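Let's take a walk through this fold together, one piece at a time. Have the coordinates open in your viewer and follow along.

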Amino acid sequence: MQSALEGIKVIDAGLLVQGPQSAAYLRDLGAQVIKVELPGFGDQSRFLFLSDTDFRSAFYSACNRGKRSMTLDLRTESGSDILKKLIVDTDILISNFKPGTMEEWGLGYESLSEINPKLIWAAGSTFGPLGPDSHREGADLAAQCAGGIVSTTGFDGDDPSPVGVTIADHIGSLNMTIGILTALYHRQTTGRGQKIETSLLGGQTWAQASEITHYLMSGELPGRANFGHPLVRATYRIFETSDGWIGLIAIPLDKFDEFLVAIERTDILLDERFQNHGIQADRGKSSGWDSWFSKELAKTIKKHTTAYWTDLFQRTGVRYAPVNTYEQVSADEGVRANGYIQGMQDGDGETYDAVIPPLRMSETPLNPGKSVPSLGQHTGEILSELGYTEEQTEKLQTERVV
């Protein structure tokens, strides 16, 4: 079956996660992607090694499967000229340098759209293209800090802590991908490409739209997560079991009695604090009901194993989820059945597991990239497609342009 983006050509000049992960999504949707990397160095993510003895990179592998790698120094006039030749029939150019960098190299939207008016020029940054911090370099952690999410994790009284994944980069890549797909749709009716700009900081504010809006409307800071969510209380949180942790995903008010019978805490039904808890609004921080009820549940759930509660909640229709490690996630039957992690085979016949975009499409299914390219693996091939001879390619290599 045809992939959704079959025939679409992408140049990924990005680094680390934000730009490359957006290009990776487009690749798995069927686009052809050329990964442009600095000669002799490559994407910085190549140096985030698995260990001191294993020089593979999970960051590079996760974001660059199925792309063709071309080394090209965009800072040089010859390198810039080669990119401009590639742009002639390219649909999308992705980068995530500091704002103004591509323009300094003569590769800004205005310059490249003169070569190809249909070009979609997508740029990501840390702090956005405008404002006093636009010139600053940064990365995922900078956006987590500046965007406020670090202030919400952890517990009251503890030190702040970042989220344990590159969440700002990931959300930034999704926003970039949405912009690109929207621009492709717009181009169908107008025939013109456009300039797209997004940022890690903007992605963080959008990801926290509800919580920040709570502050804007009330002037009240939501506070820390404290095992759950600061604005969703009582049974929307994780609880410690006798051998791990499990999440309860909120018990509806009309199901409390049934729930308490199931966990053998009918004594709570007779407690004055439970009988008088009333409607949802009365169960806020000020009433103290939330804290008392959560502590009672915590004492009960800690008495049994995660498997015990999983079985009980499954049978009683309670929404739940065990707190899994990555080992458990990778072995989860649902994760495998839905194809979120798939067994793959690269061009050398080596098998491995890969994380795949969580998208199922009935008419245009994903076509996940398989092999992870070595640095500059396809440089000669791509230059040949542009009409360069072997002698010209060797000269460019000698000059360290490619």
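Strands E11 (residues 341-345) and E12 run antiparallel and are joined by five bridges. Keep in mind as you look that this is a predicted model. One bridge to pick out is that of Ile 341, whose partner in E12 is Val 355. The two strands form a hairpin with five residues between them, and there Gly 349 adopts a positive phi near 85°.

Val 355 is a handy place to turn to the largest pocket, which has a volume of about 1,700 Å³. This pocket is lined by 47 residues, and those closest to its centre are Ala 58, Ser 61, Ala 62, Cys 63 and Val 355. Several elements give two or more residues to the lining: helices H1 (18-28), H2 (58-64), H7 (167-190), H14 (326-331) and H15 (333-337), together with strand E12 (351-355). Which element provides the largest share of the lining? That is H2, with six residues. By chemistry, the lining divides into 28 nonpolar residues, 10 polar ones and nine charged ones.

Next comes the parallel sheet. Six strands make up this open sheet, and you can trace them in the order E3-E2-E1-E4-E5-E6, with parallel pairing. At the edges sit strand E3 (68-71) and strand E6 (195-199), each of which pairs on one side only. On average, neighbouring strands of the sheet are turned by 20° against each other, direction ignored.

For a look inside the sheet, go to strand E1 (residues 9-12), which pairs with strand E2 (residues 32-37) in the parallel sense over four bridges. Here Asp 12 stands opposite Lys 35 of E2. Helix H1 packs on this sheet, where it touches E1, E2, strand E4 (92-95), strand E5 (120-125) and E6. The direction of H1 makes about 150° with that of E4. H1 also links this part of the tour to the previous one, as it is among the elements that give two or more residues to the pocket lining.

Our last stop is the aromatic side chains. How many aromatic pairs does the structure hold? There are 12 of them. One is formed by Phe 155 and Phe 227, a tilted pair with 4.6 Å centre to centre and 55° between the planes. Phe 155 lies in the loop between helix H6 (140-147) and H7, while Phe 227 lies in the loop between helix H9 (209-218) and strand E7 (228-229), so this pair ties together parts that are 72 residues apart in sequence.

Definitions and conventions. Residues numbered from 1 in each chain as written. Predicted model: local features only at pLDDT ≥ 70, side-chain atom pairs only at ≥ 80, totals over all residues. Heavy atoms only, no water. 1 Å grid on protein atoms, 1.4 Å probe; cavity = no way out; pocket = protein on both sides within 12 Å on 5 of 7 lines; lining within 4 Å. Points joined across faces, edges and corners; volume = space filled by probe spheres on them. Nonpolar A, V, L, I, M, F, W, Y, C, P; charged D, E, K, R; others polar. Pairing = 2+ DSSP bridges. Axes fitted to C-alpha atoms, helices over the stretch in contact; angles between N-to-C directions. Contact = heavy atoms within 4.5 Å. Phe/Tyr/Trp six-rings, centres within 6.5 Å; stacked < 30°, edge-to-face > 60°.
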